[in-house]
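I opened the file to go through a few local features one at a time. These are my notes, in the order in which I looked things up.

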Amino acid sequence: MQYIILDLEWNGAWSKRTGRYFNEIIEIGAVRLDEERRVVDEYQALIRPRVSGKLTTLVSDLTSITDQELKSGTTFCRAMERFGRWVGEAQNLVMTWGNTDLLVLVENFRYYYGNGRIRFLSRYADLQKYCQREMNLGGGNHLGLLKAAQSLEILVDEESLHRALDDSRLAAKVFARMFDEGRLASFVQNALTEDFYRRLTFKNKVIDDIRSPLIDRQELAVTCPVCQRRMRRKGKWAFRRRFFKAGFVCRSCQKEFDVQLQFKQEFDGVTVKRIVLERLPASQQEEKEKTGG
């Protein structure tokens with residue numbers, strides 16, 4: 001088994017062909033690790049833009065790549081052909097730090113080839129998700145590569161970040177420290193199926209209509225966290241800041257609560273986030289705010 005860690009840099013540009021903004025890849029970098037997680041080879045290529053006339057200030061400042069450098073770059077298709085040969089046909093696992101690079105790669109394959117299937121990809125894992133799970137950070141805030149490296153006390157030259165090859169090298173160091181073959185296996189996906197691409201490109205959506213048939217009506221019932229009795233809603237649900245909100249009162253203990261529910265449509269179904277906060281009397285609330293509690 002070989003492990004390939006891939007990183008991309010891209011430039012946002014308006015495409016007349018598609019009539020929208022397009023994330024055009026301008027650099028690809030990757031490292032290959034053997035079964036012992038040792039770096040045995042590297043790949044790097046600058047890609048000459050075809051859509052954008054020049055780099056945005058944000059990208060040039062972040063990456064230090066210049067328009068002059070890109071003039072000597074290769075084309076996207078040639079870079080992908082060479083990279084595909086570099087990846088080879090041996091059993092390997094391609095990883096990226098988060099799936100954003102993979103989504104941009106699909107976008108570029110669709111633009112240049114008319115098909116979003118990534119030719120060199122057979123098995124894939126999101127390295128960011130894997131490391132986040134290994135560090136017990138949960139699924140809330142995304143774990144940054146720099147933060148992960150610093151948490152593992154890996155020396156980082158921050159000036160070299162945001163270049164494709166340097167970022168893939170750093171991700172390789174993090175991966176080597178966090179490696180566990182058994183736990184990594186649950187993150188590996190078969191990239192040769194249509195389901196893989198449907199899942200990858202599926203856009204999660206917060207449901208904003210309380211009458212949506214996607215919402216299980218039983219999820220709208222709220223139990224009192226004090227006495228475990230079903231509570232009565234005091235008014236209509238209001239949708240604000242991505243949550244449905246309403247006041248509830250417990251008929252048993254007479255306590256009042258503010259309830260927030262969020263329903264998010266994801267590839268595998270609807271996930272529910274529930275927040276129940278006791279509504280304190282005005283005098284207690286003022287005292288709490290004064291003491292910072």
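I looked up Val270 first in this predicted model; Val270 sits in strand β12, residues 269–278. Its relative accessible area is 31%, so I put it down as partly exposed. I then checked the surface around it and found a nonpolar patch of about 200 Å², made by Leu214, Val270 and Val272.

Salt bridges were next. My search of the whole structure returned 16 of them. I picked out Glu42 and Arg169, whose closest N and O atoms are 2.9 Å apart. This pair joins distant parts of the chain, as Glu42 belongs to strand β3 and Arg169 to helix α7, with the two positions 127 residues apart. I noted Glu42 as partly exposed at 33% relative accessible area. Arg169, at 34%, is also partly exposed.

I went on to helix α9. Asp195 and Arg198 form a salt bridge there, with an N to O distance of 3.9 Å. The two are three residues apart in α9 and therefore separated by about one helical turn. For Asp195 I have a relative accessible area of 32%, partly exposed. Arg198 has 48%, which still counts as partly exposed, because the exposed class begins over 50%.

Arg199, in the same helix α9, pairs with Asp268 from the loop between β11 (256–266) and β12, 69 residues apart. I read 2.7 Å between the closest N and O atoms of this salt bridge. Asp268 is exposed at 63% relative accessibility, whereas Arg199 is partly exposed at 34%. I also logged a network of salt bridges that links Lys234, Glu256, Asp258 and Arg279.

Which residues does Arg163 contact, leaving aside neighbours within four places in sequence? I listed Asp7, Glu9, Glu27, Gln44, Leu46, Thr63, Ser64, Ile65 and Glu69. Arg163 itself lies in the loop between α6 (145–151) and α7 (164–178). Its side chain makes a polar contact of 2.9 Å with the side chain of Glu27.

Ser64, one of the contacts of Arg163, made me check backbone angles. Phi of Ser64 is near 65°, a positive value in a residue other than glycine. Ser64 is placed in the loop between α1 (57–63) and α2 (67–71), and it is exposed at 52% relative accessible area. Gln228 also has a positive phi, about 65°, and is not a glycine. I located Gln228 in the loop between β7 (205–206) and β8 (232–233). Its relative accessibility is 55%, so I entered it as exposed.

Last, the interior. The largest nonpolar core has 34 residues, and those with the most contacts inside it are Ile28, Phe83, Leu105, Ile118, Phe120 and Leu121. Elements giving two or more residues to this core are β1 (2–15), β2 (20–33), β3 (39–46), α3 (76–87), α4 (100–113) and α9 (194–201). The largest share, seven residues, comes from α4. I followed up Leu121, which touches Val94, Leu102, Ala191, Leu192, Phe196 and Tyr197 when residues up to four places away in sequence are not counted. I closed with a second, separate core of 29 residues, whose members include Trp97, Ala125, Leu145 and Leu165.

Technical notes: Residues are numbered from 1 along each chain as its sequence is written. This is a predicted model: local features need pLDDT of at least 70, side-chain atom pairs count only at pLDDT 80 or more; totals for chains, interfaces and linings use all residues. Side-chain values use heavy atoms; hydrogens and water are left out. Patches are made of residues with over 30% relative accessible area and no salt bridge: like charges are joined within 9 Å, nonpolar side chains (Val, Leu, Ile, Met, Phe, Trp, Tyr) within 5 Å. Accessible areas come from the Shrake-Rupley method with a 1.4 Å probe; for residues, only the protein chains shown count as cover. A salt bridge is a side-chain nitrogen of Lys or Arg within 4 Å of a carboxyl oxygen of Asp or Glu. Helices (H or I, at least four residues) and strands (E, at least two) are DSSP runs, numbered from the N terminus. Buried means under 20% relative accessible area, exposed over 50%, partly exposed in between (1.4 Å probe, protein chains only). A polar contact is a pair of N or O atoms within 3.5 Å; within protein, one must be able to donate a hydrogen and the other to accept it, and residues adjacent in sequence count only if both atoms are side-chain atoms. Contact means heavy atoms within 4.5 Å. A nonpolar core is a set of buried Ala, Val, Leu, Ile, Met, Phe, Trp, Tyr and Cys residues joined through side-chain atoms within 4.5 Å.
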